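Below are my notes on the model you sent round. They are ordered by region, and each point can be read alone.

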Amino acid sequence: MGRTTIVLLSLVSLVTVAVTGYQVKPANYAKLLDQQEKFDAAFEKEFYVEHTKYVETGVMSERLEELFEHIRQKPDMFRKEMDDHPLPYLTVECTACRALITTYLTYRRVLGWSTAQIADQATSTCSTLGILTPDNCRKLVLKNIDILLYIIDNRPSLSAQTICGIIFQSGTCVLQDPAFLDWTINVSGGGRPITGSVTSPNRAASDFKIIHITDVHYDPHYRTGYNAVCGEPCCCREGQGIPADPANGAGEWGDYRDCDSPWKAVEDAVRAAARQHPDAAYIYYTGDIIDHGVWETTVAGNIVSMTRTYQLFRDVFGSKPVYPVLGNHENNPTNVFAPSYIDREDFSASWLYDFSANQWASWLPAATQQTIRQGGFYTALVRPGFRIIGMNNNDAYIFNWWILYDPAYLQAQLQWLHDTLLQAEAAGEKVHILAHIPIGAGTSYRTWARQYRRILDRFWDVIQAQFHGHTHADEFNVFYSLSNPQAAISVGFNGGGTVPFSNYNPNYVVYYVNPQTYQVTDFESWYFSLSEANQNPNRAPIWTQLYSFSRDFQLTNVSPASLDGLVRRFASNPTELRRYWELKVKRGDPFLAAGCNGDCLLGHLCQIVTNEANDDSKCNALAAIFRNLDDELFREGEEEEDDYKK
């Protein structure tokens, strides 16, 4: 797998989306960590010795081939977020990370390797691990290497253990550096005490509707009939040729097999949402317009794709306000959002912030321009008593290399969020927060997530809902109080995605919102079957309702209290939990064919309630209930796991 060297860390992480679910840790996890630490220490020393011999002689020893084979993993990991990898995968990835980064740090800091030497060797490693074609390995290495070497050269104390501890924060790499663990923001006193889980009104005829669209991932290089089984992290592209077997060709409306969206599918999704919900008051867009062909993105190309997409929203929704936020794919290189004080033009995201400020000006008040140009975030008063905060939390994504340079630079936007909420509280306003990366166990940097949770505790009665994207899964997260862990205080709703990458059907979500409290009272998802659409390529896809949440799960509302109760129902009722999983994956045919055994279901259950990496308390409580139900659920996947270990 490619999330491994100082340069190659970017190769696979740039193209991943969540598929499996949070990985539940075994009871003897602490002992396993201790054993793995000893193994990793020995492995990285041996790898450095063998790799150095290879560099000096040009001959790869049999032992080095064995070491590379140990860290090479299954291609299906390309499409998964880091915390969605099974623990055996995470363990190997951590080993690889430690070995490769230690080796490359030594080449740079001790042996004084040049940028060109590092780039050549990183390209070789990428090719050896089979991550991309050699040519595309080279392209992606060159896109990231200057940033990574700048960070490494200017942070001489930065170690492999710290780097891997940031990237694998939920894995067997343990972050120990206090500089990355201990920073805080200032949280004001006051606020209403948290005495229990938050309730909300039931859905009513007076509720207004919000359309949530996310993750269109428009690929201007998508070509119907081109190779959908290309062997790279992103397929169906014109440069990848037409396959000999027509069954391996890209579908007319998209493809389950690691492919992004053709323009006609992007346009159809947006127009379908507007056509089916003409009474919607607002539209939320939570990021990721740009495709997954991360080795060949350019600023100019990204601008073309974003301009076309934003214009589509203006054309389709007319005068209705659209509230957008940035996705991690919008910048070039993908994922990297430098601190504002980094003024090197080739490192700065200022071009993206200025472009966004100009594009969003038709939807947002003039007062938002300053913070958008500063860092891609804003706040806007939607109507008296109702405020939106649009965050750029891509800076806290664990694949944003600038966290390694200065983790504390993330304080600034969080402090602004706190101060904005304090002003909203004083004005009697209620708030919706929009952000691309879901906050929780996923790939939000753990210290950032902890500070965000402190804000959530303080302003639980101001923040009425959170809206995310990124994972492409139609899911939700329940947030629990730090000070009163039994209290469910907020919900994060995920809009899924109109892109099928990977194995999903396209969807969007519609929320019903109480006009007095601005709480979400119910939500429904709309989707189409990609298989059916591609079997009928000459007509538009048929959009139908995937679910109406309260109806399908027999709830009176979707408050934090109600969804907390549903989660506990899931723990004791695998049939209901499986139903949730089917809806979460949007009935994608490949998912349904593969199924989801007991461990898989438990992972999805835990993902709902995990608010911070390595905080497994809620997960463990639910697992204790779920594992006692039916051992047959957990025997289904043992054969597959044994095959992997072999």
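1. A residue is called buried here when its relative accessible area is under 20%, and exposed when that area is over 50%. This is a predicted model. By that cut-off Tyr 256, at 10% relative accessibility, counts as buried. Tyr 256 sits in the loop that runs from S1 to H9.

2. The surroundings of Tyr 256 come from distant parts of the chain. Its C-alpha atom is 6.1 Å from that of Phe 501, although 245 residues separate Tyr 256 and Phe 501 along the chain. Leaving aside residues up to four places away in sequence, Tyr 256 touches ten residues: Pro 500, Ser 502, Asn 503, Tyr 504, Asn 505, Leu 530, Ser 531, Gly 588, Asp 589 and Pro 590.3. Ser 502, one of the contacts of Tyr 256, follows a cis peptide bond. The bond from Phe 501 to Ser 502 has omega near -15°, and Ser 502 belongs to the loop between S9 and strand S10 (507-513). Another cis bond joins Asn 332 to Pro 333, with omega near 0°. Pro 333 is in the loop between strand S3 (322-324) and H11.

4. The UniProt record, an unreviewed entry, places the feature "binding site" at Asp 215, His 217, Asp 288 and His 472. These positions span 258 residues in sequence, yet no two of their C-alpha atoms are more than 10.4 Å apart, so they gather at one spot.

5. His 217 is in the loop between strand S1 (208-213) and helix H9 (263-276). With 0% relative accessibility, His 217 is buried. Its contacts, not counting residues up to four places away in sequence, include Asp 288 and His 472, both of which carry the "binding site" feature in the UniProt record. Also touching His 217 are Asp 260, Ser 261, Ile 289, Ile 290, Asp 291, His 292, His 329 and Val 499.

6. His 472 is likewise in a loop, the one between strand S7 (463-468) and S8. His 472 has 0% relative accessibility and so counts as buried. Its backbone deserves a check: phi is positive, about 70°, although His 472 is not a glycine.

7. Gln 554 also has a positive phi without being a glycine, here of about 55°. Gln 554 lies in the loop between helix H17 (549-552) and helix H18 (560-572). What is its setting, buried or exposed? Gln 554 is exposed, with a relative accessible area of 63%.

8. Strand S8 (residues 476-480) has five of its five residues buried, so S8 is largely enclosed by the rest of the structure. In a regular strand the side chains alternate between the two faces of the sheet. In S8, Phe 476, Val 478 and Tyr 480 point one way, while Asn 477 and Phe 479 point the other way. S8 pairs with strand S9 (residues 488-494) in the antiparallel sense over five bridges, and Phe 476 stands opposite Phe 493 of S9.

9. S9 also borders the second largest cavity, giving the most to its lining with four residues. S7 and S9 each supply at least two residues of that lining. The second largest cavity has a volume of about 110 Å³ and is lined by 15 residues; Gln 464, Ala 465, Gln 519, Ser 559 and Pro 560 lie nearest its centre.

10. The second largest pocket has a volume of about 300 Å³. Its lining holds 18 residues, of which Pro 339, Ser 340, Gln 374, Gly 375 and Tyr 409 lie nearest the centre. Helix H11 (350-360), helix H12 (369-375) and helix H14 (411-426) each supply at least two residues of the lining. The largest share, three residues, comes from H12.

11. Helix H2 (residues 29-57) has 29 residues and reaches 41 Å from its first C-alpha to its last, close to the 42 Å expected at 1.5 Å a residue. Which helices do its buried residues pack against? They are helix H3 (62-71), helix H4 (87-109) and helix H5 (115-128).

12. An α-helix has 3.6 residues a turn, so residues three or four places apart point the same way. The buried residues of H2 include Tyr 29, Leu 33, Gln 36, Asp 40, Phe 43 and Phe 47. Charged residue types such as Glu 44 and Glu 50 are also among the buried residues of H2. Just after H2, Gly 58 takes a positive phi of about 80°.

Note on methods:
Residues numbered from 1 in each chain as written. Heavy atoms only, no water. Buried < 20%, exposed > 50% of the residue type's maximum accessible area, 1.4 Å probe, protein only. Pairing = 2+ DSSP bridges. UniProt positions renumbered as here; feature names shortened; annotations may be inferred. Contact = heavy atoms within 4.5 Å. Expected span 1.5 Å × (residues − 1). 1 Å grid on protein atoms, 1.4 Å probe; cavity = no way out; pocket = protein on both sides within 12 Å on 5 of 7 lines; lining within 4 Å. Points joined across faces, edges and corners; volume = space filled by probe spheres on them.
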